[in-house]
Amino acid sequence: MYVTLSKKYTAFIIFVLVLFFLWACFYAAGGVVSVSENSAEQKDFIKWVDFNIPERALTRAYKADVEAHENGKESNWIEVLAYCAAKNGGGENSFPDKDIDYAVSQLEGGVSAEELSQNLKYYDYYYEAYSAVLSGLVGEYEIQVYDENESSHKKWVKKYGLKGFHPIAKNYWYTESDDFGNSRSYGYKRKHLGHDMMGSIGTPIIAVESGVVDTMGWNMYGGWRIGIRSFDGKRYYYYAHLRKDSPYPMELKEGCVVSAGDVIGYMGMTGYSTQENVNNMNVCHLHFGLQLIFDESQKEGNGEIWIDVYELTKFLSKNRSETYKNESTGERERVYAIDDPAVQEE
Ligand SMILES: [Zn+2]
């Protein structure tokens with residue numbers, strides 16, 4: 001009796017175990033299938049970028065690019081910087097002069113970027129990441145200059161080089177420090193995802209790159225702010241805390257196309273208020289931010305990539321847009337118009 005029962009009991013236990021095992025296998029297989037389905041759905045795009053290139057390295061690679069171009073050679077500054085990052089890990093010490101100069105000499109000598117980077121696993125990542133940051137800043141363009149022979153006349157000249165501008169107009173003072181990632185507490189505890197430049201109320205704010213005005217108006221953190229998207233969609237430039245009462249040039253609207261170097265706003269101290277048009281910042285300054293967007297899902301929310309633009313802004317200080325006061329409108333306007341091919345392609 002007992003023997004029979006225990007045999008039946010054992011058989012029952014084994015049956016249950018087998019059922020459990022089969023269920024577990026099925027579940028695991030199902031799990032594997034659903035994981036692979038998820039990863040198949042996930043598009044392959046860059047999720048994070050640390051932008052650590054020092055101004056010295058940006059300038060050295062940039063100058064070599066322009067010089068090569070003038071001599072009918074090729075030395076793409078983004079390829080050079082991606083080579084250094086892929087070779088040395090991408091930190092701020094990854095860009096020694098000797099590596100920049102080596103990559104420049106190879107590219108100028110006719111070696112292709114593919115050949116130069118063939119043993120560097122992360123080259124493609126750095127090239128794509130740095131292209132997203134830098135590709136709108138250097139290229140061919142036409143700009144007005146004053147005619148040496150007839151000083152009141154402006155003429156157009158063709159150039160190759162830096163066509164991106166510093167966000168503060170020429171002849172206006174500003175002070176700055178490397179403040180990316182500092183903590184901020186208004187609203188909620190968070191990191192400072194941009195770069196502040198202190199200056200005077202009304203200082204003209206300049207479009208760094210040509211693009212489309214994506215966002216204007218009040219934001220409880222940024223106050224009067226303006227967001228400009230590059231034509232390739234990869235960069236969102238954010239300029240905040242603009243002047244109370246008259247933050248923007250009057251004719252500027254969402255959807256307008258602006259050229260690099262245009263006046264897009266005036267420095268102020270608005271923000272940190274749910275009520276519109278309030279000066280709640282302690283110090284007059286521009287908050288300048290740069291967001292990278294590889295996939296539209298990264299535009300807003302947890303996937304946002306804001307990079308440290310302190311070194312980039314120092315690099316851009318080589319090129320500042322000069323402005324004058326238009327007496328009929330009272331607005332400040334740029335002195336030298338630019339013809340950026342990126343705008344014509346739109
Ligand atoms: Zn700020």
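## A walk through the helices and a few loops

The protein has eight helices and 17 strands, and keep in mind as you look around that this is a predicted model. Of its 346 residues, 36% count as buried. Take the contacts with a separation of 6 or more: residues 24 or more positions apart account for 67% of them.

Let's start with helix α2, residues 55-70. Does its length make sense? With 16 residues at 1.5 Å each, α2 should span 22 Å, and since its end C-alpha atoms are 22 Å apart, the two figures agree. Just past the end of α2 you run into G72, which has a positive phi of about 70°.

Which residues of α2 are buried? They are A57, L58, R60, A61, Y62, A64 and D65. Note that R60 and D65 sit on that list alongside the alanines A57, A61 and A64. The cover over these buried residues comes from several places, including the helices α3 (77-88), α4 (97-108) and α7 (310-316), plus the strands β1 and β2 (154-162).

Of those partners, α4 is a good one to follow. The axes of α2 and α4 come within 10 Å and cross at roughly 20°. An angle under 35 degrees counts as roughly parallel, so α2 and α4 are roughly parallel to each other. The crossing of the two is right-handed. On the α2 side the contact uses A57, R60, A61, A64 and A68, while α4 brings D97, I100, V104 and E108. Sorted by class, that makes six nonpolar residues, three charged ones and no polar ones. Look back at the buried list and you'll find A57, R60, A61 and A64 there too.

Now swing over to the other helix packed on α4. The axes of α3 and α4 are 9 Å apart, and the angle here is about 130°. That value falls between the ranges for roughly perpendicular (65 to 115) and roughly antiparallel (over 145), so α3 and α4 are oblique to each other. This crossing is right-handed as well. From α3, the residues involved are E79, V80, Y83, C84, K87 and N88; from α4, they are D99, I100, A103, V104 and L107. The tally for this contact is seven nonpolar, one polar and three charged. Both I100 and V104 of α4 appear here, and both also belong to the contact with α2.

Next, step along to L137, in the loop between α6 (123-134) and β1 (138-146). Is this loop residue buried or exposed? L137 is buried, because 24 other C-beta atoms lie within 10 Å, and the cut-off for buried is 20 or more. Setting aside neighbours within four places in sequence, L137 is in contact with L162, K163, G164 and E209. Its C-alpha atom is also 8.2 Å from that of F165, a residue 28 positions away along the chain.

Two other loop residues are worth a stop for their backbone angles. D245 lies in the loop between β10 (235-240) and β11 (257-258), and its phi is near 75°, a positive value in a residue other than glycine. D245 counts as exposed, because it has 10 C-beta neighbours inside 10 Å. N277, in the loop between β12 (263-266) and β13 (285-292), also has a positive phi without being a glycine, near 60°. With 13 C-beta neighbours inside 10 Å, N277 counts as partly exposed.

Methods: Residues are numbered from 1 along each chain as its sequence is written. This is a predicted model: local features need pLDDT of at least 70, side-chain atom pairs count only at pLDDT 80 or more; totals for chains, interfaces and linings use all residues. Helices (H or I, at least four residues) and strands (E, at least two) are DSSP runs, numbered from the N terminus. A residue is buried if 20 or more other C-beta atoms lie within 10 Å of its own, exposed if 12 or fewer, and partly exposed in between; C-beta atoms are placed from the backbone. Two residues are in contact if their C-beta atoms, placed from the backbone, lie within 7 Å. The expected span of a helix is 1.5 Å times one less than its number of residues. Axes are lines fitted to C-alpha atoms, for helices over the stretch in contact, and angles run from 0 to 180 degrees between N-to-C directions. A crossing is left-handed if the near helix is turned anticlockwise from the far one by less than a right angle, and right-handed if clockwise. Ala, Val, Leu, Ile, Met, Phe, Trp, Tyr, Cys and Pro count as nonpolar, Asp, Glu, Lys and Arg as charged, and the others, Gly among them, as polar.
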